[in-house]
Amino acid sequence: MMIKFINTLTISRMLLGPIIFLILTLNINYSLSLILFIFAGFTDYADGYLARKYNAISQFGEILDPIAD
């Protein structure tokens with residue numbers, strides 16, 4: 001259960017990257033892009049912390065986490 005949650009955080013970070021990029025390039029709302037960027041940073045911290053705390057390691061996460069970073 002915890003591994004799925006941690007992988008969901010990683011996937012959400014991967015999806016936020018292009019969204020932040022589009023918001024910035026289309027000059028939609030810089031404040032929104034900042035909030036999303038801070039949220040993406042928090043998910044990076046949270047998935048690493050939870051994975052270490054619960055020793056929740058998966059091959060999927062090992063591959064995707066460096067890509068998401």
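This briefing covers the packing of two helices, the nonpolar cores, and the surroundings of two residues in helix H1.

The model is a predicted one. Helix H1 spans residues 2-25 and helix H2 spans residues 30-53, and each of them gives two or more residues to the largest nonpolar core. The axes of H1 and H2 come within 9 Å of each other and cross at roughly 155°, which means that H1 runs roughly antiparallel to H2, since angles over 145 degrees are counted in that way.

**Helix pair H1 and H2**

- The crossing that H1 makes with H2 is left-handed.
- Sorted by class, the residues in the contact of H1 with H2 comprise 18 that are nonpolar, 4 that are polar and 3 that are charged.

**Nonpolar cores**

- The largest nonpolar core has 6 residues in all, and these are Ile6, Leu9, Ala46, Leu50, Ala51 and Ala56.
- H1 and H2 are the elements that give two or more residues to this core, and H2 gives the most, with 3 residues.
- Within this set, Ala51 touches both Ile6 and Ala56, when residues up to four places away in sequence are not counted.
- Another core, of 5 residues, lies apart from the largest one, and its members include Leu16, Ile20, Ile23 and Leu36.

**Thr10, in helix H1**

- Thr10 has its place in helix H1, and its relative accessible area is 2%, so Thr10 counts as buried, the limit for that class being under 20%.
- When its neighbours within four places in sequence are left aside, Thr10 is in contact with Asp47, Leu64, Asp65 and Ala68.

**Leu24, in helix H1**

- Leu24 is likewise found in helix H1, but its relative accessibility is 38%, and Leu24 therefore counts as partly exposed, a class that lies between the limits of 20% and 50%.
- Leu24 touches Tyr30 and Ser33, again without counting residues up to four places away in sequence.
- From Leu24 to Pro66 the separation is 42 residues in sequence, while in space the two are 23 Å apart, taken from C-alpha to C-alpha.

Terms used
Residues numbered from 1 in each chain as written. Predicted model: local features only at pLDDT ≥ 70, side-chain atom pairs only at ≥ 80, totals over all residues. Heavy atoms only, no water. Core = buried A, V, L, I, M, F, W, Y, C linked by side-chain atoms within 4.5 Å. Buried < 20%, exposed > 50% of the residue type's maximum accessible area, 1.4 Å probe, protein only. Helix = DSSP H or I, 4+ residues; strand = E, 2+ residues; numbered from the N terminus. Contact = heavy atoms within 4.5 Å. Axes fitted to C-alpha atoms, helices over the stretch in contact; angles between N-to-C directions. Parallel < 35°, antiparallel > 145°, perpendicular 65-115°, else oblique. Left-handed = near helix turned anticlockwise from the far one by under 90°. Nonpolar A, V, L, I, M, F, W, Y, C, P; charged D, E, K, R; others polar.
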